[in-house]
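What can be read from the fold of a single protein chain, going from one loop to the chain as a whole? The paragraphs below take the reader through it step by step.

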Amino acid sequence: MQSGFGLLESGSVSCRNEVNIMIKNTVDVVFGGLTYWMFGFGISIWVEGESNQFMGVSNFFLDADSEVSGQLFSLFFFQTSFATTATTIVSGSMAERTKLEAYILFSIFNTLIYCFPSHWLWRTPESWFHQIGAVDLAGESNANCIA
């Protein structure tokens, strides 16, 4: 997904900035993925008895040694792709306007911002977005809850 967005965005910038766009998409995966591994997954995941309606409070620095580790890691990689793609979508509007250092900080910050609505809507029917009638059009189901 990242390379597709990179090609889309490189078509809307000058020739001298095409490499810059591809580097920014790589930065999304590296720094966004690292941030999501360290903090994001723990904030966005719903673990019964260890989470509240605002955020998750477990699975930081994800390392599972249990019978659900396969399910947990597949959910982690699936959600990481959404978190990094959310940053990549915005990178097109920032093309040719930001320095790489500022974009790295944005990538880290945006990954953390993504985690809260992810927890609010995708983790459980008890979440407050579900209670006010929000509908998820991205197709995520509640079957991914980790008990």
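Gly92 sits in the loop that joins helix 3 to helix 4. In this predicted model, Gly92 has a relative accessibility of 26%, so it counts as partly exposed. Along the sequence Gly92 and Phe5 are separated by 87 residues, but in space their C-alpha atoms are 8.2 Å apart.

The loop between helix 3 and helix 4 (100-122) also holds Glu96. Glu96 is not a glycine, and yet its phi is positive, at about 65 degrees. For residues other than glycine, a negative phi is what most of them have. The relative accessible area of Glu96 is 42%, which makes Glu96 partly exposed.

Another residue with a positive phi is Phe61, where the angle is near 50 degrees and the residue is again not a glycine. Phe61 belongs to the loop between helix 2 (18-44) and helix 3 (69-91). With a relative accessible area of 42%, Phe61 is partly exposed. Phe61 is also one member of a nonpolar patch on the surface, which covers about 520 Å². The other members of that patch are Leu34, Trp37, Phe39, Val57 and Phe60. To be counted in a patch, a residue needs over 30% relative accessible area, and the 42% of Phe61 satisfies that part of the rule.

The next residue to look at is Val29, which is part of helix 2. Its relative accessible area is 40%, so Val29 is partly exposed. Leaving aside residues up to four places away in sequence, Val29 is in contact with Gln2, Leu34 and Thr84. Leu34 has already appeared as a member of the nonpolar patch. The C-alpha atom of Val29 is also 8.8 Å from that of Thr88, although 59 residues separate the two along the chain.

Thr85 is located in helix 3. What is its state, buried or exposed? Thr85 is buried, because its relative accessibility is 9% and the limit for that class is under 20%. Setting aside residues up to four places away in sequence, Thr85 touches Met1, Gln2 and Phe5. Two of these names occur elsewhere in this account: Gln2 is also touched by Val29, and Phe5 is the residue whose C-alpha atom lies 8.2 Å from that of Gly92.

Aromatic rings give another way to follow the chain. The count of aromatic pairs comes to 10. In one of these pairs, Tyr36 and Phe41, the ring centres are 6.1 Å apart and the planes meet at 70 degrees, so the arrangement is edge-to-face. Both Tyr36 and Phe41 are buried. Tyr36 also pairs with Phe76: here the centres are 6.0 Å apart and the planes stand at 25 degrees, so this pair is stacked. Since Tyr36 lies in helix 2 and Phe76 in helix 3, the pair ties together parts of the chain that are 40 residues apart in sequence. Phe76 is buried, as is Tyr36. Ring pairs also bring further residues in, giving a cluster made of Tyr36, Phe41, Phe76, Phe77 and Tyr114.

The cysteines come next. How many disulfides does a search of the whole structure find? The search finds zero. Cys15 has a relative accessibility of 67% and therefore counts as exposed. Cys115, by contrast, has 0% relative accessibility and so counts as buried.

The last step is the chain as a whole. It contains five helices and zero strands, and read along the sequence the pattern is α-α-α-α-α. The chain has 147 residues, and 41% of them count as buried. Among contacts with a separation of 6 or more, 59% are between residues 24 or more positions apart. The area that the chain exposes is about 7900 Å², and carbon and sulfur atoms supply 67% of that area.

Conventions. Residues are numbered from 1 along each chain as its sequence is written. This is a predicted model: local features need pLDDT of at least 70, side-chain atom pairs count only at pLDDT 80 or more; totals for chains, interfaces and linings use all residues. Side-chain values use heavy atoms; hydrogens and water are left out. Helices (H or I, at least four residues) and strands (E, at least two) are DSSP runs, numbered from the N terminus. Buried means under 20% relative accessible area, exposed over 50%, partly exposed in between (1.4 Å probe, protein chains only). Contact means heavy atoms within 4.5 Å. Accessible areas come from the Shrake-Rupley method with a 1.4 Å probe; for residues, only the protein chains shown count as cover. A disulfide is a pair of cysteine sulfur atoms within 2.5 Å. Patches are made of residues with over 30% relative accessible area and no salt bridge: like charges are joined within 9 Å, nonpolar side chains (Val, Leu, Ile, Met, Phe, Trp, Tyr) within 5 Å. A salt bridge is a side-chain nitrogen of Lys or Arg within 4 Å of a carboxyl oxygen of Asp or Glu. Rings of Phe, Tyr and Trp (its six-membered ring) pair if their centres lie within 6.5 Å; planes under 30 degrees apart count as stacked, over 60 as edge-to-face and the rest as tilted.
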